[in-house]
Amino acid sequence: MQPRNMSMSGVVDLAAVKAAQEAKAKAEQARAQAAREGGAGAISPADLVIDVDEAGFERDVLQRSAEVPVVIDFWAEWCQPCKQLSPVLERLAVEYNGRILLAKIDVDANQMLMQQFGIQGIPAVFAVVAGQALPLFQGAAGEEQIRQTLDQLVQVAEQRFGLTGLTVDPDAQPGARPAPERPVGPHDGLLEAAVQALDSGDLGGAVQAYKNVLAEDPGNEEAKLGLAQAELLRRVQGVDPQTVRREAAEKPADVQAQIAAADLDLVGGHVEDAFGRLIETVQRTVGDDRDTVRKRLLELFEVVGPEDPRVIAARRALARALF
């Protein structure tokens with residue numbers, strides 16, 4: 001049931017970075033397909049709050065998250081704090097007027113989903129944005145805190161994934177608009193094979209599968225990003241992190257030591273540390289060594305994605321270091 005591009009660890013680790021770019025591309029495909037078909041149509045305000053079970057999770061949450069952030073309210077009938085929180089979330093879902101969709105999941109009836117999200121207690125609130133699960137908060141929360149959290153969620157969804165939400169029409173009939181289906185692309189089979197290889201730990205197979213896609217479609221952004229990720233994971237596979245970091249600390253002028261440490265930084269989600277380390281190394285080196293570091297930094301940019309603010313800032317810093 002858990003999708004190939006769901007990451008339970010947020011938007012800073014490698015899996016989430018990759019998923020962000022995949023999901024953004026798919027969301028754009030879905031919007032383009034809807035436009036070709038005459039528009040996705042509007043929904044009723046009543047459809048902004050939905051009950052979801054395990055059978056409908058992929059359709060009602062994962063697929064819908066390609067066009068709008070889906071906030072998940074995990075609750076139970078016996079949970080008194082849930083009875084205080086849920087009405088606030090429902091009211092805010094309507095107030096946000098299509099910028100979020102609220103999915104309510106009864107944990108007693110959907111134990112598998114509760115386990116997949118790693119929930120230890122309720123109420124618990126998550127969001128799924130473009131297929132990625134992000135924890136928002138657990139337990140009771142004040143309305144102002146909830147608003148701030150939702151504002152940040154909407155901002156991230158729009159800036160990083162291009163999700164502008166749903167069109168709401170007060171006159172629309174509830175339930176009139178079906179959940180979107182993902183358009184099938186020409187290389188989906190090869191891309192799926194690459195993801196399966198990644199999931200099984202076959203990094204060499206994943207690298208080759210992504211290269212196969214790029215051989216037919218050199219501009220395929222999903223394959224470019226997947227290849228960069230698979231190659232990075234292959235580089236850090238089997239290394240001793242303590243040894244790598246010790247050598248980097250003891251040998252600041254050693255290009256390979258700094259590159260290896262930057263790879264580990266990125267795998268660990270320390271994006272800015274990885275970029276900063278290599279930019280500093282560029283400043284300390286010349287000739288072939290400098291070019292080696294520059295090329296690795298550009299490869300790491302590919303992993304994170306060109307539109308990420310951290311990449312944009314690092315590109316400026318790299319330009320200053322080089323010129």
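Two strands count as paired when DSSP finds at least two bridges between them. Keep that in mind for the hairpin coming up, and keep in mind too that what you're looking at is a predicted model.

Let's start at that hairpin. Strand β5 (residues 132-138) runs antiparallel to β4, and six bridges hold the pairing. Right by the turn, V129 has Q132 of β5 as its bridge partner. Two residues sit between the strands, and A130 in this hairpin adopts a positive phi near 50°.

Now zoom out to the sheet that this hairpin belongs to. It's an open sheet of five strands, ordered β1-β3-β2-β4-β5, and the pairing is mixed. The edges are taken by β1 (49-51) and β5; each has a single partner strand, so one side of each has no neighbour in the sheet. Ignoring direction, neighbouring strands are turned by 25° against each other on average. There's a helix on this sheet as well: α5 (residues 143-161) packs on it and touches β2, β4 and β5. The direction of α5 makes about 165° with that of β5.

On its other side, β4 meets β2. These two strands pair in the antiparallel sense too, over five bridges. If you want to find the register in your viewer, V71 has A127 of β4 as its bridge partner, and F74 stands opposite A124 in β4.

So how many of the residues of β4 are buried? Six of the six are, so the strand is largely enclosed by the rest of the structure. In a regular strand, side chains alternate between the two faces of the sheet. For β4 you can check each face in turn: A124, F126 and V128 lie on one side, V125, A127 and V129 on the other, and all of them are buried.

That leads straight into the largest nonpolar core, which has 30 residues. The members that touch the most other members are F57, V61, I72, F74, F117, I119 and I122. Elements giving two or more residues to this core are α2 (57-63), β2 (70-75), β3 (101-106), α4 (111-116) and β4 (124-129). The largest share, four residues, comes from β2.

For a view from inside, pick I72. Setting aside neighbours within four places in sequence, I72 is in contact with F57, V61, A103, I105, F117, A124, V125, F126 and V128. Apart from this core lies another one, of 28 residues, with V244, F275, V282 and A321 among them.

Before heading over there, take a look at the cysteines. A search of the whole structure turns up one disulfide. This disulfide joins C79 to C82, with an S to S distance of 2.4 Å. Which hand does the disulfide have? The torsion about the S-S bond is about 80°, so the disulfide is right-handed. Both ends are tucked away: C79 is buried at a relative accessible area of 3%, and C82 counts as buried at 2%.

Further along the chain, two residues in helices are worth a stop. R296 belongs to helix α12 (residues 287-304). Is this arginine buried or exposed? R296 is buried, with a relative accessible area of 16%, which falls under the 20% cut-off. Leaving out neighbours within four places in sequence, the contacts of R296 are R235, I259, D263 and L278.

The second stop is L322, in helix α13 (residues 309-322). L322 has a relative accessible area of 24%, so this residue is partly exposed. With neighbours within four places in sequence set aside, L322 is in contact with V282, R290 and R294. L322 and R294 are 28 residues apart along the chain, and their C-alpha atoms are separated by 9.1 Å.

Finally, a word on how far to trust all this. The mean pLDDT of the chain is 81, and 81% of its residues reach 70 or more. Over residues 1-18 the pLDDT is below 50, though this stretch has 66 contacts in the model beyond near neighbours in sequence. Residues 179-184 also have pLDDT below 50, with 13 contacts counted in that way. Where pLDDT is low, the predicted coordinates shouldn't be read in detail.

Notes
Residues numbered from 1 in each chain as written. Heavy atoms only, no water. Core = buried A, V, L, I, M, F, W, Y, C linked by side-chain atoms within 4.5 Å. Buried < 20%, exposed > 50% of the residue type's maximum accessible area, 1.4 Å probe, protein only. Contact = heavy atoms within 4.5 Å. Disulfide = S-S within 2.5 Å. pLDDT = per-residue confidence, 0-100. Axes fitted to C-alpha atoms, helices over the stretch in contact; angles between N-to-C directions.
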